[in-house]
Amino acid sequence: MTDAETSAPKPMWAIALIGLAAFPVSASLYAYGPPNWSGHALNVLLAWSAIMLGFLGGIRWGLESSREAPRWQRLGGSILSPIAGFGLLVARGDIPTSWVITGLMGAFIVQWLFDHSAPDVPARYPRLMTVLTLGASVSLAMALEQALRM
């Protein structure tokens with residue numbers, strides 16, 4: 001297969017990168033922006049992380065449910081990242097922010113591992129998910145550094 005056959009179409013990349021943009025923007029504002037923006041930026045980063053974990057789980061659900069015989073383990077696994085994201089968002093205030101951020105990073109990485117172990121996915125899927133996971137994780141790591149300083 002050529003690179004063009006295994007890469008996602010340009011509109012798909014554009015939409016994915018637009019969705020990814022909230023991560024570095026909010027993490028940068030939290031870590032380096034004006035102090036009066038910090039709290040709002042952190043709220044955006046954490047909420048967007050939970051939303052995107054739900055989105056990634058939905059992608060996995062959609063890929064699996066389109067099979068003639070969906071595997072219940074893969075369907076069940078697809079709901080774990082949205083549960084993790086929502087649970088960490090709800091736990092905010094009860095556990096340190098650094099733990100919430102670390103948990104979200106972990107959830108993105110586990111979702112990525114789950115996706116990469118999935119059989120029978122389009123060839124473009126792993127590359128696209130790697131870019132999205134990397135962008136989210138690096139942004140969360142930037143926020144984690146700031147949270148540990150506070």
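**Exercise 1.** In this predicted model, decide whether S26 is buried or exposed.

*Solution.* Start with the location: S26 sits in helix α3. Next, take its relative accessible area, which is 4%. The cut-off for buried is under 20%, so S26 counts as buried. Finally, look at what surrounds this serine: setting aside neighbours within four places in sequence, S26 is in contact with A41, V44 and L45.

**Exercise 2.** Now try a residue in a loop: work out how I79 should be classed by its relative accessibility.

*Solution.* First find I79 in the loop between α5 and α6. Its relative accessibility is 46%. Partly exposed covers the range between under 20% and over 50%, so I79 is partly exposed. Then look around I79: together with L80 and I83, it forms a nonpolar patch on the surface, with about 300 Å² of accessible area for the three together.

**Exercise 3.** Describe helix α7 and find what its buried residues pack against.

*Solution.* Begin with the span. Helix α7 runs over residues 97–116 and reaches 29 Å from first to last C-alpha, close to the expected 28 Å. Then pick out its buried residues, among them I101, L104 and F108. The partners of the buried residues are α3, α4, α5, α6 and α8. For a close-up, choose I101: beyond neighbours within four places in sequence, its contacts are L42, L46, L140, A143, L144 and A147.

**Exercise 4.** Which helix gives the most to the largest nonpolar core?

*Solution.* The core has 30 residues, and F23, I101, L104, F108, L128 and L140 touch the most other members. Helices α2, α3, α4, α7 and α8 each supply at least two residues. The top contributor is α8, with nine.

Conventions:
Residues numbered from 1 in each chain as written. Predicted model: local features only at pLDDT ≥ 70, side-chain atom pairs only at ≥ 80, totals over all residues. Heavy atoms only, no water. Helix = DSSP H or I, 4+ residues; strand = E, 2+ residues; numbered from the N terminus. Expected span 1.5 Å × (residues − 1). Buried < 20%, exposed > 50% of the residue type's maximum accessible area, 1.4 Å probe, protein only. Contact = heavy atoms within 4.5 Å. Patch = residues over 30% accessible without salt bridge, like charges linked within 9 Å, V, L, I, M, F, W, Y side chains within 5 Å. Areas by Shrake-Rupley, 256 points an atom, 1.4 Å probe, with all protein chains shown as cover. Salt bridge = Lys/Arg side-chain N within 4 Å of Asp/Glu carboxyl O. Core = buried A, V, L, I, M, F, W, Y, C linked by side-chain atoms within 4.5 Å.
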